[in-house]
Amino acid sequence: MGSNRMRRRLVVGAAVLALTTTIPSAPAAAEPVAGLPTTNFPLGEPGIPKSAAKSLAPGVGYFTLRHGRPQDGYTVSVVVKGKDFMSEANAQAQATAVQMAGLEPVIVKFTRPAVADHPAGDYFMVRVGSWPLDRKAEAAEVVKQLKDAGVSAKVDFQGDDGFVTTGPWDVRVIVVDPHAFRGSFHASLGTSVAKREKVSAMASAAKALAAVNGGFFDIHTLPAFRGDPTGISVVGGKLLSEAVAGRVGLVLRGRTARITELSSSVVARAADGTTAEVTGLNRVPKQDELVMYTEELGRDTPQDDGTEVVLDASGRVTAVRGSGGPVAPGTRVLHGVGAAADWLGQHAGEGTTVTVTTRVTDLRTNKAIPLTPETNIIGGAIGLVRNGRTSITASRDGMANTNMILRRHPRTLAGVTRNGKLVIAVVDGRAPGSTIGASFFEAAELMRWLGARDAINLDGGGSTTMVIGDKVVNRPSDGVERGVGDALLIVGAR
């Protein structure tokens, strides 16, 4: 059958998406006085969400809320090279293949809206059919029919795609008022940097009132190092993972919190005065890099063709060795590969002293952040709100793609209000008919509604976890709690 006879329907998505992704320039909602705002929920149809409240401690409120109703169903989306969106020419070709399989395709045009640091883009999808929630099996049969015809496709829940929806949304919120709270905020990497750990385990170890998962962690490195945060991590005043310069983070000091862009610097100075930049902390090195491991690594250093020097607490080189050794308590290990290994060999001999200096800089003030025992920083985040206005920094923060910007996922969100309250929200998702998650735009709108002047998106998806006491209170989308890189802990007064 020739393509000139192909029946197709072109749906221009840009106008539809504007209903959910055009962000007004008005400032954030008024600061919540007694917890949740009393205005309409910012997502879906107008209305006050169903909610319940509980006090966890003086100054710490826990809220559950639900809004919306399920109307989305299933469709079948054609997939090319792992993606369900493509150019118009590819969409036309795939639609022809679908028709040749005896099915009627629909070409859907949509616009991925612009964010603060990444332009809009037009894309096309090829979809087949529409089924209500209770007829998913029929969509799966169409996927099989297409596969038999050589067309790759998937069953796609329409509530995930970022277009107009009625929900529903299932959200849990913690609001901490530092003026009434007498505890403190902490970051935790669990028992080691290298290993992932469940939020519930980290919360239990700290006897926390509540906890949520922290930032993203490196899933593309060696398996034994996949707990390493993909950005800055400071725990108890100790820098354990370097910053990606310019990315946003959550700075916690005692019971105060703020959101800002950060950089970090670690420099090794040999006794002869020469210096070398330490470009990584507690992670697998790249060629010519100098990486430092601390005792919090929790395992042997990686094995490669590099050179290592062991420093005691005073910076004295106690040993020069090959790679792949332990990091004993009270020591640090400098690990050099290529040119960095040469520098160690020339300037860090046994018995000499190497001084390591560390600095973390708040890029909004251009001042150093004191690394005291009260200082904790969680990075690996995406900016959502700045000074009360939506400002999604997907490109700067490494998430400038259609899947992350537009589609709905479970989200873990953190924000700070004008009066210094810490607001944490988890939005469950990937549960058709029950809760659909949020896009970046929806996450920003939610945090503004909750009164956040500044807000960030932490790791989400299957990592999204909220623990109250010793119980996971949300529904992680993996079906079970996932081990993660780090966690944000709210610890009561002691």
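1. Let me start with the largest nonpolar core. This is a predicted model, in which local features need pLDDT of at least 70 and side-chain atom pairs count only at pLDDT 80 or more, while totals for chains, interfaces and linings use all residues. Residues are numbered from 1 along each chain as its sequence is written, and side-chain values use heavy atoms, with hydrogens and water left out. The largest core has 56 residues, and Val76, Leu146, Val171, Val173, Phe440 and Leu450 touch the most other members. (A nonpolar core is a set of buried Ala, Val, Leu, Ile, Met, Phe, Trp, Tyr and Cys residues joined through side-chain atoms within 4.5 Å.) Helix α7 (residues 440–449) gives the most to this core, with seven residues. Apart from it lies another core of 30 residues, including Val176, Val248, Ile259 and Val416.

2. Now α7 itself. Ten of its ten residues are buried, so α7 is largely enclosed by the rest of the structure. Buried means under 20% relative accessible area, exposed over 50%, and partly exposed in between (1.4 Å probe, protein chains only). Charged names are on the buried list too: Glu442, Glu445 and Arg448 sit there along with Phe440 and Trp449, among others. After the helix comes Gly451, with a positive phi near 100°. Helices (H or I, at least four residues) and strands (E, at least two) are DSSP runs, numbered from the N terminus.

3. Strand β8 (residues 169–176) gets similar treatment: eight of its eight residues are buried, so β8 is largely enclosed by the rest of the structure. Both faces are covered, with Trp169, Val171, Val173 and Val175 on one side and Asp170, Arg172, Ile174 and Val176 on the other.

4. Who are the partners of β8? Strand β3 (residues 60–67) pairs with β8 in the antiparallel sense over eight bridges, and β28 (residues 422–427) pairs with β8, also antiparallel, over six. (Two strands pair if DSSP finds at least two bridges between them.) Arg172 is a handy marker: Thr64 stands opposite Arg172, and in β28 the bridge partner of Arg172 is Val426.

5. Next, helix α2 (residues 88–100). Its 13 residues reach 18 Å from first C-alpha to last, close to the 18 Å expected at 1.5 Å a residue; the expected span is 1.5 Å times one less than the number of residues. Ala91, Ala95, Val98 and Gln99 are buried. Seen down the axis, the buried residues fall within an arc of 95°, so they line one face of the helix; that arc is of the directions from the helix axis to the C-beta atoms. On the other side, Ala89 and Met100 are exposed. The buried residues pack against β4 (74–78), β5 (106–112), β6 (121–131) and α3 (136–148), with contact meaning heavy atoms within 4.5 Å.

6. There is also an open sheet of five strands, in the order β17-β18-β21-β19-β20, with mixed pairing. Its edge strands are β17 (280–281) and β20 (317–322), each pairing on one side only. β19 (residues 307–311) and β21 (residues 332–336) pair in the antiparallel sense over five bridges. Helix α5 (residues 339–347) packs on the sheet, touching β18 (290–294), β19 and β21, and its direction makes about 125° with that of β21. (Axes are lines fitted to C-alpha atoms, for helices over the stretch in contact, and angles run from 0 to 180 degrees between N-to-C directions.)
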